[in-house]
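This report introduces the salt bridges of one protein structure and the surroundings of the residues that form them. The reader is invited to view the sequence and the model before reading on.

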Amino acid sequence: MKLIRKAALALAGAALVLGTAVFTACDSNVPPVDGDTPPRVLSEISVDTIGATTRFKSGSDAFTSAGLVVKAVYSDTDKVTLTDNDYTVTGYEAYENEDGKLVRGADAADPQEVTITVTYQDKTKTYKIYIYTDEEKLPPVPDPDPQPGPGTPKPLVIIPAGNQDTKVEGAGIWIYLDNKDLGISGVNAGDVIKNIDVVVTDTANNNEEIPIQSKEFNDFGAGDATVRLYIVLSEAHPNIKVNITGTINGTEYKGEVEFVEGLYQFDFVATAISLEPKEKSVKPGEEVVFKVVSTAPYKVDVTDKCTFTILDEDSTGSELINKNTLSAGSSEGTVTVKASYNDEVTATATIIIDANSLPTVLSNSRIEGSGIEVYISKDVVKTVPSKESVDIIGTLKTDNPAYKVYESDDLLLTIREINDQGTQFRIYFTQPDGLPAEAEATETFVITFDNVTVNVEFYGNALKSSSIKIEQ
């Protein structure tokens, strides 16, 4: 154990509990955005204080971390117990006197609660100690082995990826579970699913319950270590919450999963981000709502964890930024907006303020596998078109020789669904399988219906530019 004095170690990694399902920072089995084989990486650390001293007599006791059990938790779910010299312990130093004894502050409560931080590599965990004068004022010692009450279900451990990502794809929901304790197999999966209740609610529409067409367990990982709960809805819903309850091999389980724009939400530290839209033309006075998606090591919406600023040197002087929304000023010109994640990871977007600009599709439009999703605000196009009235022409161009075989001036496209989602609607269509995700290619689509023409351009799977023209 290394006791670090007068040091500040600030990077935090913590477990996230959603409902009763347990999620960990950089959770297990998550593959990188690129590549099929996930490397073994450190996900988090755990700290057990049951055998450690957490109560110290003011002026009499020196701090010690003897008895701590610190474990490194890796992305393959392996746990390794660390030795004393592997990790550092900080947070007690300011309370030491010249003799190395812990002393309660003169104006502090009795007992005084102090946060101790354990750090291993870039992961941290905290626990509490008490510096006391009157022992009778100490809180009760917690039960070292609390037992759940009768009928209390165990948390269902949901992981961001098994053989593939936990995600929403079209009308399908893919939820991968850690199967080590569940014991679901190809032999008993059909019987187990009969005892599982799934409730899906639409978080974009007042949490209305969404009918489920089917559910099953399939897509087992190596050695049945993971299993996918595959749920099919009647139509696509990208913003949903899924509650899972039921009995699996005699044990009650409960879990909850949330998806935002089809992306599974869980805690981790991003090392690279993209800001969407990256470039957009708007009229003076219009608003631009930005979305930030981490691109490494995992792909997740991190908008609410970012700050947004306007770069002064590019400012026209009349626009305002409020959280992730830019209000274009009355002056025409170019504005650069910067999104910052953890004050270190940044991305920028260029907004052109032009009185003659056309409206655009929504920034959550994207390519996911062979599927293309184009979202249009009903503030721009008031009437949702029928599937039969929509026509789409697509082209694909690339400078990368590896992808030249996919170039086309007339992509074979199939319109799958037109979904009315309240304040917006989605046009969902597919192209032939085969083009690798994140490919260095530009795909352009012209969508026409009624008196509306929509031009959309993607690079890789990200929206690059768009425009909507409505004939009067």
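## Terms and model

A residue is called partly exposed when its relative accessible area lies between the limit for buried, under 20%, and the limit for exposed, over 50%. The model described here is predicted.

## Salt bridges in the structure

Across the whole structure, a search finds 16 salt bridges. One of them pairs Glu44 with Lys125, whose closest N and O atoms are 3.2 Å apart. Glu44 belongs to strand β4 (residues 42-48) and Lys125 to strand β10 (residues 123-132), so this pair ties together parts that are 81 residues apart in sequence. Both Glu44 and Lys125 are buried.

## A pair with two settings

Asp178 and Lys180 also meet through their side chains in a salt bridge, with an N to O distance of 3.8 Å. Asp178 has a relative accessible area of 18%, and because buried means under 20%, this residue counts as buried. Lys180, by contrast, is partly exposed, with a relative accessibility of 47%.

## A partly exposed pair and a network

A further salt bridge joins the side chains of Lys469 and Glu471, at 3.9 Å from N to O. Lys469 has a relative accessibility of 46% and counts as partly exposed. Glu471, with a relative accessible area of 44%, is likewise partly exposed.

Elsewhere, salt bridges with shared partners link Arg366, Glu368, Glu373, Glu417 and Arg426 into one network.

Methods
Residues numbered from 1 in each chain as written. Predicted model: local features only at pLDDT ≥ 70, side-chain atom pairs only at ≥ 80, totals over all residues. Heavy atoms only, no water. Salt bridge = Lys/Arg side-chain N within 4 Å of Asp/Glu carboxyl O. Helix = DSSP H or I, 4+ residues; strand = E, 2+ residues; numbered from the N terminus. Buried < 20%, exposed > 50% of the residue type's maximum accessible area, 1.4 Å probe, protein only.
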